[in-house]
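I sat down with this one and a fresh notebook page. Here is what I looked up, in the order I went.

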2 protein chains.
Amino acid sequence: MCQLLGMNCNVPTDICFSFTGFRARGGLTDVHRDGWGIAFFEGRGARLFLDPQPSAQSPIAELVHNYPIRSRNVIAHIRKATQGQVSLENTHPFMRELWGRHWIFAHNGNLLDFDPPLDGLYLPVGNTDSERAFCWLLQSLRRRFGQTPPPPEALFQALLELTREVGRHGECNYLLSNGERLFAHCSNQLTYLIRQAPFRKAHLKDQDVTVDFADITTPDDRVAVIATQPLTDDEHWITLPPGSLWWFENGQVISHGETVPGPVKGACRQNGG
Amino acid sequence: MCQLLGMNCNVPTDICFSFTGFRARGGLTDVHRDGWGIAFFEGRGARLFLDPQPSAQSPIAELVHNYPIRSRNVIAHIRKATQGQVSLENTHPFMRELWGRHWIFAHNGNLLDFDPPLDGLYLPVGNTDSERAFCWLLQSLRRRFGQTPPPPEALFQALLELTREVGRHGECNYLLSNGERLFAHCSNQLTYLIRQAPFRKAHLKDQDVTVDFADITTPDDRVAVIATQPLTDDEHWITLPPGSLWWFENGQVISHGETVPGPVKGACRQNGG
């Protein structure tokens with residue numbers, strides 16, 4: 001299994017603390033050695049760092065760890081491949097443009113027999129199920145709404161329906177963002193917490209590092225952190241129910257809905273995750 | 001004026017030497033302080049590093065300088081904006097996907113009144129003329145060839161025709177690559193050289209750094225370096241004729257053609273470059 005990390009905030013915030021613990025799972029405290037990546041939105045722009053090396057040893061991860069990039073939407077991924085080669089083109093997150101905005105997607109799971117017709121609007125560059133699912137999601141949004149981005153509520157409803165479709169093919173935990181909001185789908189494993197005033201200390205599970213957020217925040221800051229498994233051992237992480245899609249914006253939950261899938265087809269096959 | 005740097009090789013090669021000199025022009029030996037970026041293809045994958053900070057001071061440039069990423073196609077850009085804000089979304093190179101491959105584009109110049117209808121296949125995220133030209137180029141290729149990538153010769157002919165169109169609107173020096181080959185258009189300023197056996201020493205213009213390529217190459221290596229201005233002071237750089245498009249592949253020139261534009265519309269306006 002891969003692991004996901006997301007952050008959605010009301011003010012630009014650095015992810016150095018969470019990334020310190022998350023990164024360790026890529027070859028140090030856990031087995032996700034098959035590449036990693038992280039995307040930061042800054043305004044409409046996006047920075048995407050990808051490395052097929054394990055995050056625990058990656059010089060690029062060292063840079064991200066030491067260089068506090070402030071962002072309101074971040075998506076990171078560490079990979080444990082069991083099928084599909086370890087290569088740059090198969091490294092998450094993936095990026096495409098839709099409606100004049102960058103969209104970022106990272107996936108944890110196994111999609112079996114997911115081979116929908118792609119009309120060429122968005123085609124995978126690598127050969128993971130994950131990138132195929134991302135291309136299909138964007139293609140479906142384009143087909144449904146044409147050239148005009150829909151209101152956020154309509155977008156969320158469409159994602160609910162499309163995610164149900166994908167979910168029929170297997171595990172599909174994912175994080176998706178266009179820089180304005182972040183969508184998190186829990187197929188079977190995803191947790192989150194919201195840090196807001198009064199801020200307190202937090203201690204990482206994977207590294208002996210403590211931060212007192214009261215020292216580095218203002219009272220109005222609000223930060224949602226979403227992760228496959230809790231990153232700290234002294235905070236209350238909320239386990240998301242299987243089959244649920246969550247809409248985060250400005251560091252809070254705006255809406256959520258069920259994505260109860262049909263029966264999962266076939267047995268487990270790890271590819272993109 | 002911005003500056004461009006490209007590299008096209010027959011074997012994966014690091015660009016550390018050339019980047020050392022190029023980077024210095026972003027705030028140290030020259031005035032291109034308004035952000036920089038570099039894209040490396042590795043197989044079908046692409047790594048894109050972007051920073052709106054000056055390259056001479058950027059921690060990300062320091063990483064790229066110290067971390068030898070080996071690639072057969074590299075495109076880099078340092079920006080001197082005179083119109084258009086300094087921001088991540090306006091930082092070159094730009095990336096989009098076409099026919100299941102990443103395409104990378106960087107531009108040096110000024111396009112005036114270039115506002116072609118974009119049908120939504122590719123839309124700019126920022127507000128530079130450069131990204132608009134890139135979106136229009138890819139849209140035009142998609143319209144012309146549909147879902148199937150054409151043979152390279154047909155692609156080159158199409159790029160010649162499309163570049164003539166863009167060139168009618170002003171200066172349009174650009175580098176474009178899909179990871180297989182690199183196209184370089186000289187509107188008014190672009191030089192190149194090819195390093196191949198017998199290799200010899202080279203000394204940078206912008207930094208007192210010398211490399212003896214005989215020490216770090218094999219006899220079969222072949223590297224084309226394309227730059228707005230020569231990067232070394234003891235090698236023979238070839239000045240490309242204005243209005244010419246060049247096709248580089250495996251470290252050599254495969255073809256070139258004229259892009260004699262019509263009369264340039266209006267006066268000079270710097271935006272994306």
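**A bridge between chains**

I started with A:Arg47, which forms a salt bridge with B:Asp51, with the closest N and O atoms 3.1 Å apart. A:Arg47 belongs to strand E3 (residues 45-51) of chain A and B:Asp51 to strand E3 (residues 45-51) of chain B, so this pair joins two chains. I noted that this is a predicted model.

Next I asked myself whether A:Arg47 is buried or exposed. A:Arg47 has 5% relative accessibility, so it counts as buried. B:Asp51 is buried too, because its relative accessible area is 1% and the cut-off for buried is under 20%. My margin note says that side chains of opposite charge can pair when their charged atoms come close.

**Bridges within chain B**

I then looked up B:Arg23, which pairs with B:Glu62 in a salt bridge whose closest N and O atoms are 3.0 Å apart. This pair links distant parts of the chain: B:Arg23 sits in helix H1 (residues 16-24) and B:Glu62 in helix H2 (residues 59-66) of chain B, 39 residues apart. B:Arg23 counts as buried at 10% relative accessibility, whereas B:Glu62 is partly exposed at 36%.

My next stop was B:Arg96, and I wanted to know which residue it forms a salt bridge with. The partner is B:Glu131, and the closest N and O atoms are 2.8 Å apart. Here too the pair links distant parts of the chain, with B:Arg96 in strand E5 (residues 94-98) and B:Glu131 in helix H3 (residues 129-145) of chain B, 35 residues apart. I found both B:Arg96 and B:Glu131 buried.

**The wider charge picture**

I looked up the total and got 26 salt bridges over all chains. In chain A, I wrote down a network of salt bridges that links A:Arg101, A:Glu180, A:Arg181 and A:Glu249. Chain A has 25 positive and 29 negative charges, and their mean positions are 3 Å apart.

**Backbone oddities**

Before this part I reminded myself that most residues other than glycine have a negative phi, and most peptide bonds are trans. I flagged the peptide bond from B:His92 to B:Pro93, which is cis with omega near -5°. B:Pro93 lies in the loop between strand E4 (71-78) and E5 of chain B. The bond from B:Ala197 to B:Pro198 is also cis, with omega near -5°, and B:Pro198 is in the loop between strand E9 (191-196) and strand E10 (201-203) of chain B.

A:Trp99 is not a glycine, yet I read a positive phi of about 55° for it. A:Trp99 occupies the loop between strand E5 (94-98) and strand E6 (101-108) of chain A, and it is buried, with a relative accessible area of 12%. B:Asn250, not a glycine either, has a positive phi of about 55°. I placed B:Asn250 in the loop between strand E14 (244-249) and strand E15 (252-258) of chain B, where it is partly exposed at 28% relative accessible area.

**Stepping back to chain A**

I closed with the overall build: chain A has four helices and 15 strands. Its C-alpha atoms fill a box of roughly 50 × 40 × 35 Å along the principal axes. For 273 residues a compact globule would have a radius of gyration near 19 Å, and the 17 Å of chain A agrees with that. I also noted that 63% of the 273 residues in chain A count as buried. Of the contacts in chain A between residues at least 6 apart in sequence, 73% join residues at least 24 apart.

Note on methods
Residues are numbered from 1 along each chain as its sequence is written. Chains are lettered from A and ligands numbered from 1 in the order in which they are written. This is a predicted model: local features need pLDDT of at least 70, side-chain atom pairs count only at pLDDT 80 or more; totals for chains, interfaces and linings use all residues. Side-chain values use heavy atoms; hydrogens and water are left out. The radius of gyration is taken over C-alpha atoms; the globule rule is 2.2 Å times the number of residues to the power 0.38. Buried means under 20% relative accessible area, exposed over 50%, partly exposed in between (1.4 Å probe, protein chains only). Contact means heavy atoms within 4.5 Å. Lys and Arg count as positive and Asp and Glu as negative; His and the chain ends are not counted. The place of a charge is taken as NZ of Lys, CZ of Arg, CG of Asp or CD of Glu. A salt bridge is a side-chain nitrogen of Lys or Arg within 4 Å of a carboxyl oxygen of Asp or Glu.
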